[in-house]
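Hi everyone, thanks for coming along. I'd like to walk you through one structure today, so let's put it up on the screen.

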Amino acid sequence: MPNLNEYLGSIISSITNARVMADIQTVKVAEEYAKHDLLKHFAVPHMRVGDVELTIPVALDVLTEKTETQYQPIDNTKFNSLIYRELTNSLGRTSLPSKASKALRALLVEQTHVLEQSLRIKQDLASVADYSQLAVRQLVQLAEEYQLVSRESLPKLNTEQIASRVAAVATQEIKVLSQRKVIENLNVIAESHKLREEKPENIIYIKLKISEDGMEWQQMESSNGEISRRLLPE
């Protein structure tokens, strides 16, 4: 069964292709007009698609939902401080040398910003695992660069365990603001013979209005003589 957005998309795509075919035919007619002594003075017929209104019957087949979660803004100062402490403790230290400390804090500020964006877009906690693993990899690099642990101890660091602890700390600090159920996937029955088998109360009618908004290439010249071409609405 087709997905609803794919089904509607194919209908709109078909109408667009119809306009393309009409434009190609217009070009052929224009070439013929140009060759004719009398027709070359006539306007070339050119079709435009106006408003297209469709009533599309479909029946619901499979509907799945997902939960969208919005999270409260992260308290960056507290969050970065807790992660910094967890990473530092994982090296068996209570503090780091000045340069190493500044480098680690700068990395955490950057990565926490990325995490916030990912939480806002993906709306789940899957990004926390990526954040934690990246933080640990950066910690290992700093530990090697600034010799925060002995060379013998560095390969013995259990990076998976450290990342797990970092993820636990991070998850505890990320608070849910709101949650809601949304449609993730909606498959429909669109075939005529199958719709005839459905009960009338199971059929819904989608009213779709499509308006054409053409694009054309426009050539522009800047004050310094540079010429550029942009695709703009007609």
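**A sheet, a helix and a patch**

Let me begin away from the sheet, with Gln138, which is found in helix α4, the helix covering residues 126-145. Before I go on, please keep in mind that this is a predicted model.

So, is Gln138 buried or exposed? Its relative accessibility is 12%, and because the cut-off for buried is under 20%, Gln138 counts as buried. Which residues does Gln138 touch, once we leave aside neighbours within four places in sequence? The contacts are Leu107 and Gln111.

Now let's turn to the sheet. It is an open sheet of three strands, and the order is β2-β1-β3 with antiparallel pairing. The edges are formed by β2, residues 176-189, and by β3, each of which pairs on one side only. From one strand to the next, the twist averages 55 degrees. As a quick reminder for any students here, strands of a sheet pair through backbone hydrogen bonds, and they can do that in parallel or antiparallel fashion.

Let's look at the two pairings in turn. Strand β1 spans residues 52-71, and twelve bridges join β1 to β2. If you want to find your way along that pairing, look for Tyr71, whose bridge partner in β2 is Val176, and for Val62, which stands opposite Asn187 in β2. On to the other pairing: how many bridges join β1 to β3? There are eight, and here too the two strands run antiparallel. A handy marker is Val58, which stands opposite Ile204 in β3.

There is also a helix to see against this sheet. Helix α1, residues 4-35, lies across β1, β2 and β3. Relative to β1, helix α1 runs at about 135 degrees.

Let me stay with Ile204 for a moment. Ile204 sits in strand β3, which covers residues 203-210. With a relative accessibility of 36%, Ile204 counts as partly exposed, because that class lies between the 20% cut-off for buried and the 50% cut-off for exposed. Where does Ile204 show up on the surface? Together with Leu60, Leu63 and Ile183, Ile204 makes a nonpolar surface patch of about 340 Å².

That's my tour, and I'm happy to go back to any part of it.

Technical notes: Residues are numbered from 1 along each chain as its sequence is written. This is a predicted model: local features need pLDDT of at least 70, side-chain atom pairs count only at pLDDT 80 or more; totals for chains, interfaces and linings use all residues. Side-chain values use heavy atoms; hydrogens and water are left out. Patches are made of residues with over 30% relative accessible area and no salt bridge: like charges are joined within 9 Å, nonpolar side chains (Val, Leu, Ile, Met, Phe, Trp, Tyr) within 5 Å. Accessible areas come from the Shrake-Rupley method with a 1.4 Å probe; for residues, only the protein chains shown count as cover. A salt bridge is a side-chain nitrogen of Lys or Arg within 4 Å of a carboxyl oxygen of Asp or Glu. Helices (H or I, at least four residues) and strands (E, at least two) are DSSP runs, numbered from the N terminus. Buried means under 20% relative accessible area, exposed over 50%, partly exposed in between (1.4 Å probe, protein chains only). Contact means heavy atoms within 4.5 Å. Two strands pair if DSSP finds at least two bridges between them. Axes are lines fitted to C-alpha atoms, for helices over the stretch in contact, and angles run from 0 to 180 degrees between N-to-C directions.
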